[in-house]
Amino acid sequence: MAYTETVDAHDHHDHPPAGIWRWLSTTNHKDIGTLYLVFSGIMFFVGGAMAMVIRLELFKPGMQFVDPAFFNSMTTVHGLAMIFGAVMPAWVGLANWMIPLQVGAPDMALPRMNNFSFWLLPFAFTLLLIGFFVPGGAPAGGWTLYPPLVLQGGDSFPMAIFAIHLMGASSIMGAINVIVTIMNMRAPGITLLRMPLFVWTWLITAYLLILVMPVLAGSVTMLLTDHFFGTSFFSASGGGDPVMFQHIFWFFGHPEVYILILPAFGIVSEVIPTFSRKPLFGYEAMVYATASIAFLSFIVWAHHMFTVGMPLAGELFFMLSTMLIAIPTGVKVFNWTATMWRGSLSFEPPMLFALAFLFLFTIGGFSGLMLAIAPADFQYQDTYFVVAHFHYVLVPGAIFSIMAGVYYWLPKWTGHLYSMALGKWHFWLSAIFVNVLFFPQHFLGLAGMPRRIPDYATQFADWNMVSSLGGFGFGLSQLLFPILIWKCVRGGEKAPAQVWEGAHGLEWEVPSPAPYHTWQDPPSEAQIAHGAEH
Amino acid sequence: MNAGEELRRANRSLTAKLLLCVAGSALFGFALVPLYRVLCEITGIGDQQTLRSAVQVREVAQQGTDMTRTVTVEFMTSLPTVGNWQFRPAQETMAVHPGKLYEAHFIARNLTGHDTVAQAIPNIAPSQAASWFHKTECFCFSPQSFKKGEERVLPVRFFVDRALPGNLDRLTLSYTFYDLSTHVAAR
Ligand code: HEM
Ligand SMILES: [Cu+2]
C-alpha cells in the first residue's frame with residue numbers, strides 16, 4: 001500500500017512514554033480510543049454480572065437469592081452501567097480510534113479535552129458503584145429516575161446524581177471533540193459527502209448529544225434540589241408535578257436511544273458493503289435517513305408516557321410521529337439488503353454480527369411499532385414486552401454492531417489476524433442465546449408479566465426459566481470475546497494493511513498495526529480515490 | 001500565520017460555538033418547567049390552578065341542572081410515604097347530574113403523635129376533565145390543622161360543568177394528604 005509517511009521524520013514520536021503514566025497523560029487518539037474501549041468492556045462485564053443476578057432470581061417464581069431492594073438496585077444499576085458505561089463509551093472509543101484515520105486527520109481536534117473526558121468516567125462509575133456500600137444501598141428506583149420514588153433513595157441518591165453529571169460532562173466533551181474533528185480536520189479532498197458512514201452517523205450523534213445531555217443534567221439537578229433544598233419541581237405538595245419529570249426525562253431519553261444506535265447504523269453500513277464486495281446501496285439516502293431519524297427523535301418522547309393521562313390529541317400526535325420513524329428506518333434496512341443483493345458475500349465474524357444486527361434489530365423495530373400504537377401500549381406499558389423490545393434493539397442492535405466494529409478493525413489495531421474459528425463460535429453462541437434470552441420475554445410481556453419485579457405469578461414460570469437459561473448461556477459466551485481479543489493483541493498471523501479484500505476507506509491505507517501517529521501528512525489524491533469508493 | 005495556527009484558531013472558535021449550544025440546551029431544559037405550566041394552563045389539562053381555586057356558587061345557579069345526563073364521580077385518597085395518617089373517602093362513588101351542586105366527604109386522622117398541619121393536593125382523572133370540574137368549597141383550599149390523634153370529616157362541594165365533553169362519563173377525584181411538618185410549605 002502506498003503509505004507515504006517517512007518514518008524517520010517522526011520517529012521520536014513513535015515511542016510513547018512507558019508504564020502507567022502513558023495512559024494517564026496520553027493525548028493520542030489511539031491510546032484514548034483504547035482506554036475507552038477497555039473501560040467499556042469492563043463495564044459490559046460489570047453490568048452483565050448484574051444481569052446474571054437478575055436472571056438467577058427470576059429463574060423460578062418465589063424469592064430465592066436476593067432481597068427485593070437489592071434486586072431493584074440490580075435492574076437500576078444494570079441499566080445505567082450498560083447505557084452510560086458500556087455502550088456510550090464503546091462508541092466514543094471507536095470514534096477516537098477510527099474517525100481521525102477515516103478522515104485523514106493526524107489526531108482528534110482537542111486532544112487534551114479528550115484525555116479529560118475519558119478520565120471523568122472511572123470517577124463517575126466509582127461514585128455510582130460505591131452506592132452499594134452506603135446506607136440505603138445503591139439506587140433502586142429504575143434507570144429512568146422517576147420521582148417521587150427516586151427521592152426516597154438512601155445516601156447513594158446524590159452520589160448517583162453526581163455520577164450522571166460527570167458522565168454527561170464526559171459525553172458532551174466527547175461530542176464536541178468529534179464535531180470539531182470532523183468539521184475542521186478532514187484532509188483536503190474529503191468532502192462531507194465523501195465521508196464514510198460511520199463518520200456521518202457519529203457527526204449526527206454528536207449533535208444529538210450536545211442538544212440533550214444538558215437537559216438530562218438539568219432534570220437530575222432538579223431532583224437534587226427537590227430532595228435537599230426544598231424546591232418542588234416534581235413534588236405535588238409544593239405545587240410541582242411528577243409527570244413533568246417524565247416529560248423532561250424522555251425529551252432527553254428518546255434522543256438518547258438514538259445516540260445508542262446511530263453509530264451502529266454507521267458500522268453496519270461499512271461492514272455489509274465490505275463483505276458483499278459492492279458499494280453501499282444508496283449512500284446519500286443513508287445520510288438523509290440518519291438525519292431525519294435524528295430530527296424525528298425530538299418529537300416522539302411522550303410515547304414512553306402514553307398512560308400518564310394525555311389528551312387524545314397528544315396520544316395521536318405521539319403515536320403518529322413515532323410511527324413516522326419507521327419510514328427512514330425502513331429505508332436503511334432496504335438499503336442494507338439491497339447492498340447484499342447479487343453481491344459476492346462472505347461470512348467472516350464482522351459480517352456475521354452485522355447480519356444478525358440486520359435481522360434482530362428489525363425485530364426490535366417491529367415490537368417498537370407495536371408499542372407505538374397508543375391504545376395497545378396501555379396493555380404493554382411496564383411489562384416484559386417493553387423489556388424485550390429495548391433489549392432487541394440494544395443487544396443484537398447496538399452491542400452486536402459494536403462487536404462487528406471491533407471484529408472489523410481489530411487487526412488494524414493490533415496488527416494481527418485473530419482466530420476466525422473462535423470469532424465464529426462467539427458469534428453463533430451469542431446469536432442463539434440472545435434469542436433464547438429475549439424472545440420469550442415478548443410472550444411474558446403479552447401475558448402480563450410486569451417488569452422490575454423480583455417475584456412473579458407461577459403461570460410465568462416456564463418462559464422465565466427458558467429466558468434465564470438463555471441469559472446464562474449468553475453471559476458465558478461473552479467470555480470468549482476478551483479471550484479472543486487478548487490472543488489477538490499478543491500475537492497471530494501478521495495482518496496486511498488491507499485486512500479485508502473488499503474494504504474501502506482511508507483506514508486501510510495505513511499499515512497494520514496503525515502506527516502511533518498517522519496522517520501527519522494528509523492522504524494523497526490516489527489514496528482518497530481508492531478509499532472513498534462507497 | 002501558518003496553517004497550524006489557523007487550524008487551532010478555527011478549532012477554538014467552533015468549540016466555543018458548540019459550548020454555547022450546550023449552554024442553550026441546558027437553559028432550554030430549565031425553561032421546560034415554566035413552559036410545561038403554561039401549556040397546562042392553556043390546554044386546561046390537569047391544571048392545578050383550576051383544581052385549587054374556588055368558583056362562585058351563583059355560577060351553579062346560572063348553569064341549571066342537566067337531569068338527562070349522569071356522570072359517575074369516584075373518590076380516591078393516597079398518602080405519601082412520609083407522615084403518618086389515616087385518610088379515606090366517606091363514599092366511594094356518587095352519581096351526579098351536570099350543573100348541580102353536591103357535597104362529598106373525606107375522613108382524615110392524625111396519627112403522627114403530635115399536633116400538625118396538613119395540605120391536601122387534588123387531582124382529577126382523566127386530566128382533561130380538570131377544566132370542567134368546579135369546586136365551590138374545598139378542604140384542599142387551605143392547610144388544615146390537626147390536634148394529636150384528632151379525626152375530622154373534611155367536606156368538598158363541587159359540581160360538574162354542563163359543558164363536560166360527552167365522551168366523559170366517569171371522573172376520579174383524588175387527594176394526596178401531605179403533612180406539612182415534613183415538607184416545605186405549599187406555595
Ligand atoms: C422503529 C423504531 C422504534 C419505535 C417505534 C420504538 C417505540 C418505543 C415505544 C413506544 C416505547 C415505550 C414503550 C412503553 O414504555 O410502553 C419504547 C421503549 C423503549 N425503546 Fe423503543 N422504539 C424504537 C426503536 C428503539 C431503538 C432504536 C432503541 C435503542 C437503541 C430503543 C430503545 C428503547 C428503550 C430503552 C425503551 C424503554 C425505556 C424504558 O422504559 O426503560 N427503541 N420504544
Ligand atoms: Cu422512545
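Here is a walk through this structure, from its ligands out to its aromatic rings and one loop. Keep in mind that the model is predicted.

Let's start with ligand 1. There are 22 residues around it, and A:Trp143, A:Asp377, A:His389, A:Phe390 and A:Arg451 come nearest. Three of these make polar contacts. A polar side-chain atom of A:Trp143 sits 2.9 Å from an oxygen atom of ligand 1, and the side chain of A:Arg451 also places an N or O atom 2.9 Å from an oxygen atom of the ligand. With A:His389, the partner is a nitrogen atom of ligand 1, again at 2.9 Å from an N or O atom of the side chain.

Where does the shell come from? In chain A, α7 (242–276), α11 (349–372) and α13 (384–414) each give at least two residues to it. The largest share, six residues, belongs to α11(A). Sorted by class, the shell has 13 nonpolar, seven polar and two charged residues.

Now look from the iron atom of ligand 1 to the copper ion (ligand 2): the two are 4.5 Å apart. Which protein atoms act as donors to the copper ion? They are ND1 of A:His254, NE2 of A:His303 and NE2 of A:His304, at 1.9 to 2.1 Å from the ion. Along the sequence, these donor residues follow the spacing H-x48-H-H. A:His303 and A:His304 fall on either side of a cut-off: A:His303 counts as buried because its relative accessibility is 14%, under the 20% limit, while A:His304, at 23%, counts as partly exposed.

Next come the aromatic rings. Over all chains there are 56 aromatic pairs. One of them joins A:Phe317 and A:Phe318 edge-to-face, with 5.0 Å centre to centre and 85° between the planes. Is each partner buried or partly exposed? A:Phe317 is partly exposed at 43% relative accessibility, whereas A:Phe318 is buried at 9%.

Over in chain B, ring pairs link up a whole cluster, including B:Phe75, B:Trp85, B:Tyr102, B:Phe146 and B:Phe177. B:Phe146 has another partner too: the charged end of B:Arg152 sits over its ring, 4.5 Å from the centre. You can find a similar arrangement in chain A, where the charged end of A:Arg22 sits over the ring of A:Trp23, 4.4 Å from its centre.

Finally, stay with chain B and find B:Gln128, in the loop between β5 (116–125) and β6 (133–138). B:Gln128 is partly exposed, with a relative accessible area of 24%. From B:Gln128 to B:Val82 it is 46 residues in sequence and 29 Å in space, C-alpha to C-alpha.

Conventions:
Residues are numbered from 1 along each chain as its sequence is written. Chains are lettered from A and ligands numbered from 1 in the order in which they are written. This is a predicted model: local features need pLDDT of at least 70, side-chain atom pairs count only at pLDDT 80 or more; totals for chains, interfaces and linings use all residues. Side-chain values use heavy atoms; hydrogens and water are left out. Helices (H or I, at least four residues) and strands (E, at least two) are DSSP runs, numbered from the N terminus. Buried means under 20% relative accessible area, exposed over 50%, partly exposed in between (1.4 Å probe, protein chains only). Donors are N, O and S atoms within 2.8 Å of the metal (3.2 Å for Na, K and Ca); water is not among the atoms, so sites may look incomplete. Rings of Phe, Tyr and Trp (its six-membered ring) pair if their centres lie within 6.5 Å; planes under 30 degrees apart count as stacked, over 60 as edge-to-face and the rest as tilted. A charge sits over a ring if NZ of Lys or CZ of Arg is within 6 Å of the ring centre and within 35 degrees of the ring normal. A residue is near a molecule or strand if one of its heavy atoms lies within 4 Å of it. A polar contact is a pair of N or O atoms within 3.5 Å; within protein, one must be able to donate a hydrogen and the other to accept it, and residues adjacent in sequence count only if both atoms are side-chain atoms. Ala, Val, Leu, Ile, Met, Phe, Trp, Tyr, Cys and Pro count as nonpolar, Asp, Glu, Lys and Arg as charged, and the others, Gly among them, as polar.
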